[in-house]
Amino acid sequence: QVQLVESGGGLVQAGGSLRLSCAASGLTFSSYTMGWFRQAPGKEREFVAGISWNGGSTYYADSVKGRFTISRDNAKNTVYLQMNSLKPEDTAVYYCAARYGLGPDGKNAYWGQGTQVTVSS
C-alpha cells in the first residue's frame, strides 16, 4: 500500500522559512517524478514544484521561483520543499504527489494527506 506522509508544516511569520518533507513507502520511489502542490481555502489545488526521478531536473511555478527549492533523497525515499521568504499568500495545505511528468500537466498517481502552512503578516 502506497503512503506519502508530509511533515514540517506550521505557523511562521512573513519572511521566514520552513522545510517540508514527504516520506514515501510502498512504491519504487526512484521510478517517480515527485511534486508539491498547495491548496488555499476557497481555491483550487495548484502546482508548486516538481523534480525528476534522479533530481536532475526541476520545475517551479512562477509564484515560488527563486524562493522555494525542491529536492529529493532516493536513499531515504523522501522529497523536500525548502520554502524561504514566505509570504502570507503562501498560506495553504501543501501536498506531495508521486507522478509522471515534471510540470503542472503531469499525471498524479499518488497523493499525501497534506500539511498546513500558515504565514502571518
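**Exercise 1. Is Ser21 buried or exposed, judged by its relative accessible area?**

*Solution.* Keep in mind throughout that this is a predicted model.

Step 1: Find the residue. Ser21 sits in strand 3.

Step 2: Compare its value with the cut-off. The relative accessible area of Ser21 is 18%, and buried means under 20%. Ser21 is therefore buried.

Step 3: Look at what surrounds it. Beyond its neighbours within four places in sequence, Ser21 has contacts with Val5, Glu6 and Ser7, with Trp36, and with Thr78, Val79 and Tyr80.

**Exercise 2. Describe the overall build of the chain, starting with its helices and strands.**

*Solution.* Step 1: Count the elements. The chain has 11 strands and 0 helices.

Step 2: Judge the compactness. With a radius of gyration of 13 Å against the 14 Å from the globule rule for 121 residues, the chain is as compact as a globular protein of that length.

Step 3: Add the outer dimensions. Along the principal axes, the C-alpha atoms fill a box of roughly 40 × 25 × 25 Å.

Step 4: Turn to burial and surface. Of the 121 residues, 44% are buried. The accessible surface is about 6,000 Å², and carbon and sulfur atoms hold 46% of it.

Step 5: Check how the chain folds back on itself. Among contacts with a separation of 6 or more, 57% join residues 24 or more positions apart.

Step 6: Finish with charge. There are 11 positive and 8 negative side chains, and the centres of these two sets are 4 Å apart.

**Exercise 3. Which residues have the most contacts inside the largest nonpolar core?**

*Solution.* Step 1: Name them. Trp36, Val79, Leu81, Met83 and Tyr94 have the most contacts inside this core, which has 30 residues.

Step 2: Ask which strands build the core. At least two residues come from each of strand 3 (18-25), strand 4 (33-39), strand 5 (46-51), strand 7 (68-73), strand 8 (78-83), strand 9 and strand 11 (115-120).

Step 3: Link back to Exercise 1. Trp36 and Val79 are also among the contacts of Ser21.

**Exercise 4. Work out the surroundings of Phe37, beginning with its place in strand 4.**

*Solution.* Step 1: Decide on burial. Phe37 has a relative accessible area of 5%, so it is buried.

Step 2: Collect its partners. Leaving out residues up to four places away in sequence, Phe37 touches Arg45, Glu46, Phe47 and Val48, then Val93, Tyr94, Tyr95, Ala97 and Arg99, and finally Asn108 and Trp111.

Step 3: Compare sequence with space. Pro104 is 67 residues from Phe37 in sequence, yet their C-alpha atoms are 9.3 Å apart.

**Exercise 5. Set Val12 beside Gln82: which strand holds each residue?**

*Solution.* Step 1: Place them. Val12 belongs to strand 2 (residues 10-13), and Gln82 to strand 8.

Step 2: Read the accessibilities. Val12 is at 13% and so counts as buried, whereas Gln82, at 28%, is partly exposed.

Step 3: List the contacts, again without neighbours within four places. Val12 meets Ser17, Leu18, Leu86, Thr118, Val119 and Ser120. Gln82 touches Ser17, Leu18 and Arg19, along with Arg67, Phe68 and Thr69.

Step 4: Check the distances. Val12 and Thr91, 79 residues apart in sequence, are 9.7 Å apart from C-alpha to C-alpha. For Gln82 and Val64, 18 residues apart along the chain, the C-alpha separation is 11 Å.

**Exercise 6. Where do Asn77 and Ser85 lie, and what are their phi values?**

*Solution.* Step 1: Recall the background. Most residues other than glycine have a negative phi.

Step 2: Read the angles. Asn77 has a positive phi of about 55 degrees, and Ser85 has a positive phi near 50 degrees.

Step 3: Locate the residues. Asn77 is in the loop between strand 7 and strand 8, while Ser85 is in the loop between strand 8 and strand 9.

Step 4: Add accessibility. Asn77 is partly exposed at 24%, and Ser85 is partly exposed at 40%.

**Exercise 7. Is Asp105 buried or exposed?**

*Solution.* Step 1: Locate it. Asp105 is in the loop between strand 9 (92-100) and strand 10 (107-111).

Step 2: Apply the cut-off. Exposed means over 50%; Asp105 is at 78% relative accessibility and therefore counts as exposed.

Step 3: Try one distance. Asp105 and Gln13 are 92 residues apart along the chain, with 32 Å between their C-alpha atoms.

Conventions:
Residues numbered from 1 in each chain as written. Predicted model: local features only at pLDDT ≥ 70, side-chain atom pairs only at ≥ 80, totals over all residues. Heavy atoms only, no water. Helix = DSSP H or I, 4+ residues; strand = E, 2+ residues; numbered from the N terminus. Rg over C-alpha atoms; globule rule 2.2 N^0.38 Å. Buried < 20%, exposed > 50% of the residue type's maximum accessible area, 1.4 Å probe, protein only. Contact = heavy atoms within 4.5 Å. Areas by Shrake-Rupley, 256 points an atom, 1.4 Å probe, with all protein chains shown as cover. Lys, Arg positive; Asp, Glu negative; His and termini not counted. Charge placed at Lys NZ, Arg CZ, Asp CG, Glu CD. Core = buried A, V, L, I, M, F, W, Y, C linked by side-chain atoms within 4.5 Å.
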